[in-house]
Amino acid sequence: MPPSQFGAQLVDNQALSGGYFTLRFACDAACGAPLSGIEPGQFIMVRGEWGREMLNPRAFSVLDAQADGSFSILIKIYGRGTAALSALRPGGAVTITGPLGRGFSAPADATQLLVAGGVGLPPLHLQAKRAAAAGRPEAVEMFYGGRNADDLVLTEPLDDWGVKTTYATEDGSRGHQGFVTGALEARLEAAKASGEAVEVLACGPTPMLRAVRTMGLAHDVRTLLCLEEEMACGFGVCLGCAVPVRGPKPYKYCCSDGPVFDAREVRWS
Amino acid sequence: MSAPVRTNPISPDAVDLTTTFAGLSLPHPMMTASGCFAYGQQFAHFMDVSQLAGLSTKGISPAPRMGNPLPRICETASGMINSIGLENVGAEAFLAEKLPYLADLDVSVWVNFFGEDADAYVRCAEMLSAGADRGIDVLEMNISCPNIKKGGIEFGTVPEVAHRLTKRCVEATSLPIVVKLTPNAADVPAMAQAAYEAGAVGVSLINTITAMGIDVRTRKPRVATMYGGLSGPAVKPVALRMVHQIHTKHPDIPICGMGGILSGEDALEFLMAGASCLQVGTANFSEPPAALRVRDELRTLMAELGISNIPEIVGCIGRHDPEPTYAPEASWT
Ligand SMILES: Cc1cc2nc3c(=O)[nH]c(=O)nc-3n(C[C@H](O)[C@H](O)[C@H](O)COP(=O)(O)OP(=O)(O)OC[C@H]3O[C@@H](n4cnc5c(N)ncnc54)[C@H](O)[C@@H]3O)c2cc1C
Ligand SMILES: Cc1cc2nc3c(=O)[nH]c(=O)nc-3n(C[C@H](O)[C@H](O)[C@H](O)COP(=O)(O)O)c2cc1C
């Protein structure tokens, strides 16, 4: 679906634990419908009525989208833009550009291990939801990590969908104590031992993605990373969001070539 | 305080937005700026690109360039700093792969170009001349390349050097050359004059202002190259001043104005300062069809102010009425 730019209004702003918010918007069905057909990992650029001082829109993954033009995002306050969004009240207007980028495709033969951390949850949450809706919740398994139990949000739906989920927290307040990559490592070992075909889909903080990449490459399983880079436009024009890659050209672009990249392609030392 | 110029509002339909720039007739003043419109295709999703008066492409060099390390951009108050590094597909690929789309648009196609040294500028102008009958209307020569080889900075800041470079490029191509000026020069009108006397048909300005952002947590600059180029509304007052200075000193030099244009009123300010066509840059990132909205707002505003055509107001800025000389008086108490 080609992107477009359209207006939307906030319907619901829900404060969650850990400083997270889910924002649900409504827009014209004709404008919003393309969002419901996205691949998880595709994103939108969002800008409120912020005047001139905060010039550029902000990138957010789509958490969920319906054919009637309603869609939602998960945010955490990072700076001024996310603070302004967190304070948005029902009826508040935003301008949306999207859908943008390339996302994850649905599970095929290999079981997809979905590794999520922080605001990297939405693409994998939506991937899990889609698998469940297709009657294949067992085709995905979630590995969800945070600092503590409050840092893990929107977990009930995962249970409702019957998606097997492994939690990890740094303080041990929910699930395994430690990083989510520890649980992933064990799962990859088990798959290797049984000869099960798996692939890894990950989105989250960069240190987590680096660890997942190293692990995926070491186990020689297909590993897809959903990356975040600072971007001004989101549709391949400003060239700000370069990602170093292997191959004849040293850079690709997070917004137009990604944000999902194969771990083998990403050139991280 | 000077009183507003008294005019009666007119109908928006009675506003004639046509303008001429260095012999080019344009349906209205609004173009898009180099590096902020790529090679155009991406914008077709969001707007009817052929409604623009013209566009300037990403800066083209003789060979492809890969660009700078990360981070390359950061947002600042009312603007952004970029250090993209003039990444581009190179002249050959531009002509073969990008130009055909632009040629079909029926807008004024300005190809922004540069070289890593003087010979490369000339080579690039020669290579792009092959596009003269394939859709290129103007070569916009970017003489403000902060991040190219030693000596590059002089192209944009030393009038004699700019004169020599412009002359060589003008002689190397049949296409008209517009020289894009950097605000990082001590005497911008002198730069404009040097370019014009060397055969450029006009000037465009401003390019970005050398700037810096600092991340206090990491104690690192916010773009990897330490300094980058500031653009957006933050630079508009500086851009207006420079357009006005050139127009005042050299009223014959055609000026394409830019720097932070976001609204019809911004556009009108630039026209009044002395520009006869305009480019919109950074605004395209948050709003791809920004230049067309600006065009519509310009029409509405001109109608409100009773301005029926562009030539009427280009460079129309007068001085404030002189203050009477006040004789000192005894204190009130
Ligand atoms: C493809 C993609 C998907 C994303 N999905 C989500 C999501 O689902 N939920 C969520 O909370 N956040 C997400 N982010 C990160 C989010 O865009 C930033 O947190 C947000 O832009 C910060 O803006 P700010 O005004 O609060 O911060 P400021 O620091 O004030 O922002 C200043 C500038 O930096 C940019 N910026 C700052 N941090 C980041 C970052 N980590 N990534 C990209 N740009 C950044 C901003 O866009 C802005 O231009 C995503 C980023 C990308 C690239
Ligand atoms: C990301 C980015 C890339 C740019 N690339 C070029 C370029 O390749 N050549 C050039 O002459 N100007 C380039 N510019 C400068 C713009 O064309 C314009 O002169 C400047 O940004 C001021 O206008 P604005 O405030 O409307 O953006 C670039 C600007 C930005 C923000």
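A polar contact is a pair of N or O atoms within 3.5 Å. With that cut-off in hand, the surroundings of the two ligands in this predicted model can be read quite easily.

Take ligand 1 to begin with. A backbone N or O atom of Lys76(A) sits 3.3 Å from one of the ligand's oxygen atoms, which means that the pair falls inside the 3.5 Å limit. Gly79(A) also uses its backbone here, with an N or O atom 2.8 Å from an oxygen atom of ligand 1. Arg58(A) reaches in with its side chain instead, placing a polar atom 2.8 Å from an oxygen atom of the ligand. On its own, ligand 1 has 820 Å² of accessible area, and the protein covers 89% of that.

Who else is around ligand 1? There are 20 residues around it, and Ala59(A), Leu74(A), Gly81(A), Thr82(A) and Glu228(A) come nearest. Sorted by character, the shell holds 10 nonpolar, four polar and six charged residues. Three elements of chain A, namely β4, β6 (70–76) and α2 (80–86), supply at least two shell residues each. Of the elements, β4(A) gives the most, with four residues.

That strand, β4(A), also has a place in a sheet. Chain A has an open sheet of seven strands, paired in antiparallel fashion and ordered β4-β3-β7-β1-β2-β6-β5. At its edges are β4 (58–61) and β5 (64–65), each of which pairs on one side only. Further in, strands β1 (residues 4–15) and β7 (residues 93–100) of chain A run antiparallel and are joined by six bridges. To pick out a bridge, Gln5(A) has Thr97(A) in β7(A) as its partner.

Strand β7(A) has another feature to look at. Most residues other than glycine have a negative phi, and most peptide bonds are trans. Pro99(A) lies in β7 of chain A, and the peptide bond joining Gly98(A) to Pro99(A) is cis, with omega at about -5°. Elsewhere in chain A, Asp220(A) is not a glycine but still has a positive phi, near 55°. Asp220(A) belongs to the loop between α6 (206–219) and β13 (223–226) of chain A. Its relative accessibility is 68%, so Asp220(A) counts as exposed, the cut-off for that being over 50%.

Chain B has its own cis peptide bond, between Leu70(B) and Pro71(B), where omega is about -10°. Pro71(B) is in the loop between β4 and β5 of chain B. Arg72(B) lies in the loop between β4 (54–56) and β5 (73–76) of that chain too. Is Arg72(B) buried or exposed? Its relative accessibility is just 1%, so Arg72(B) counts as buried, given that buried means under 20%. The side chain of Arg72(B) makes a polar contact with the side chain of Glu87(B), at 3.0 Å.

Arg219(B) is another arginine in a loop, this one between β12 (214–215) and β13 (220–221) of chain B. Arg219(B) has a positive phi of about 55°, even though it isn't a glycine. With 75% relative accessibility, Arg219(B) counts as exposed.

Now for ligand 2. Residues from chains A and B surround this ligand, so its site is shared between chains. There are 24 residues around ligand 2, with Ser34(B), Lys180(B), Gly232(B), Gly260(B) and Thr282(B) coming nearest. By character, the shell divides into eight nonpolar, 14 polar and two charged residues. Lys180(B) has a polar side-chain atom 2.7 Å from an oxygen atom of ligand 2, and a polar side-chain atom of Asn207(B) is 3.3 Å from an oxygen atom of this ligand. Gly260(B) uses its backbone, with an N or O atom 2.6 Å from an oxygen atom of ligand 2. The protein covers 98% of the 610 Å² of accessible area that ligand 2 has on its own.

Finally, there is helix α7 (residues 264–273) of chain B. This helix is mostly covered, as seven of its 10 residues are buried. The buried residues are Gly264(B), Asp266(B), Ala267(B), Leu268(B), Phe270(B), Leu271(B) and Ala273(B). What do the buried residues of α7(B) pack against? Their partners in chain B are β3 (30–32), α6 (236–249), β15 (255–258), β16 (277–280) and α9 (290–304). After α7(B) comes Gly274(B), with a positive phi near 135°.

Terms used
Residues numbered from 1 in each chain as written. Chains lettered and ligands numbered in written order. Predicted model: local features only at pLDDT ≥ 70, side-chain atom pairs only at ≥ 80, totals over all residues. Heavy atoms only, no water. Near = heavy atom within 4 Å. Polar contact = N/O pair within 3.5 Å; in protein donor to acceptor, adjacent residues only side chain to side chain. Areas by Shrake-Rupley, 256 points an atom, 1.4 Å probe, with all protein chains shown as cover. Nonpolar A, V, L, I, M, F, W, Y, C, P; charged D, E, K, R; others polar. Buried < 20%, exposed > 50% of the residue type's maximum accessible area, 1.4 Å probe, protein only. Contact = heavy atoms within 4.5 Å. Pairing = 2+ DSSP bridges.
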